Amino acid sequence: MPWEYIVMSAIQSVSRLGTVVMDPLFAFFTFLGEETFLLVAVFSIYWCGNKKFGEYLFLSLYSSIAANGILKDLVRRPRPFLTPGWEELRYVQIDNPLINTVSLGESFSFPSGHSQCAGGFFTAVALWVRKRWVTVLAVLAILAVMTSRVYLGVHFPGDVLVGAALGIIASLVSWWFFERYYHCKVALFACAVGISCVALLLSPSPDTVKTIGVGIGALGGMALEDRKVHFTTNGPVGGKVLRLVMGAAILMVIRAGLKLVLPDALIFDGLRYAVVGFAATGLWPWAFTALGL
């Protein structure tokens, strides 16, 4: 019996404690690795907390996402619930605005994107803050995301181990470059976006196009901010709350609104996410600076 089958069976055996409790708990753990949640956290820090920290988090997270897309298209490993001989293991189907495991049959399994994003994001947090309790929480968060993907039946154990390791490596490499070449940060982000374009050559999938779109848009926004805006995160708490709430609402309106008006085609998906990226890193900082928020 393959080692991954044994490990997956052991992790899923905790469902015997009661799926009413265990399924929502592991769904919450998996939410900690959702791209949407992590990007909201990144932009919240970028707008309201520490701009340089937010830029580093975005570089680390984007690098992880880009590398993940390339590897998925190269390896093309099917999900456990689509693999012969693994059908008897649990596959927890979730379909809500925050988490979706129902449509994962259309994507590949190796490496785990959630584990890789969590590895990249939480390692970056630990490197920046450099406090023991933060490092412990970061490790626990990464392990929770990894375990949740196996528990839900959407990844093999090998997927999450490699995914988390690659995310940690991406964060460390991003840190090395960011510390030494922050003075040319726009060029750093351009390199990360260029790497993500490799995935487009391998497979022009919707996820790849969206990743490149948001990367190109965010790159343009950062160039605008670097040359013209120069916003700060100083100011009263009330103003920061308005920045966050209004900014999140604007991004959601752009994302949903453009989907309604633009044709249903890959190139327009890329355009839509490019506008979101540009608004997040450049347009909204320019606006809230002009408004005095």
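Which element provides the largest share of the lining of the second largest pocket? In this predicted model, that share, six residues, comes from helix α7, and the views below begin with this pocket before turning to helix contacts and to two details of the backbone.

**View 1. The second largest pocket, with a lining to which α4, α7 and α8 (185-202) each give two or more residues.** The space in this pocket amounts to about 300 Å³. Its lining is made up of 16 residues, and those closest to the centre of the pocket are S63, V173, S174, A192 and I195. Sorted by class, the lining has 13 nonpolar residues and three polar ones, with no charged residue among them.

**View 2. The packing of helix α4 (residues 51-75) against helix α7 (residues 157-181).** Two packed helices are described by the angle between their axes and the distance between the axes. For α4 and α7 the angle is about 135° and the axes lie 9 Å apart; the two helices are therefore oblique to each other, and their crossing is right-handed. On the α4 side the contact is made by K52, E55, Y56, L59, S60, S63, S64 and L71, while α7 brings L166, G167, A170, S171, S174, W175 and F178 to the contact. Seven of these residues are nonpolar, six are polar and two are charged.

**View 3. The crossing of α5 (113-129) with α7, which is right-handed.** Here the axes come within 7 Å and cross at roughly 40°, so that α5 and α7 are oblique to each other. Helix α5 takes part through S115, Q116, G119, G120, T123, A124, L127 and W128, and these residues meet V160, G163, A164, L166, G167, I168, S171, L172, W175 and F178 of α7. By class, this contact of α5 with α7 holds ten nonpolar residues and eight polar ones, and no charged residues.

**View 4. The packing of helix α1 (residues 3-12) with helix α6 (residues 132-151).** The angle between these helices is about 95°, and their axes are 9 Å apart, which makes α1 roughly perpendicular to α6. From α1, the residues M8, I11 and Q12 meet T147, V150 and Y151 of α6. Four residues of this contact are nonpolar and two are polar, whereas none is charged.

**View 5. Two backbone details in the loop between α4 and α5, at R76 and at P111.** Most residues other than glycine have a negative phi, and most peptide bonds are trans. R76, a residue other than glycine, has a positive phi, with a value near 55°, and its place is in the loop between α4 and α5. The loop between α4 and α5 also holds P111, which is joined to F110 by a cis peptide bond with an omega of about -10°.

Terms used: Residues are numbered from 1 along each chain as its sequence is written. This is a predicted model: local features need pLDDT of at least 70, side-chain atom pairs count only at pLDDT 80 or more; totals for chains, interfaces and linings use all residues. Side-chain values use heavy atoms; hydrogens and water are left out. Axes are lines fitted to C-alpha atoms, for helices over the stretch in contact, and angles run from 0 to 180 degrees between N-to-C directions. Helices (H or I, at least four residues) and strands (E, at least two) are DSSP runs, numbered from the N terminus. Angles under 35 degrees count as roughly parallel, over 145 as roughly antiparallel, 65 to 115 as roughly perpendicular and the rest as oblique. A crossing is left-handed if the near helix is turned anticlockwise from the far one by less than a right angle, and right-handed if clockwise. Contact means heavy atoms within 4.5 Å. Ala, Val, Leu, Ile, Met, Phe, Trp, Tyr, Cys and Pro count as nonpolar, Asp, Glu, Lys and Arg as charged, and the others, Gly among them, as polar. On a 1 Å grid over the protein atoms alone, a cavity is a set of points where a 1.4 Å probe fits but cannot get out, and a pocket is an open set with protein on both sides within 12 Å along at least five of seven lines; lining residues have an atom within 4 Å of a point. Grid points are joined across faces, edges and corners, and a volume is the space filled by probe spheres set on the points.
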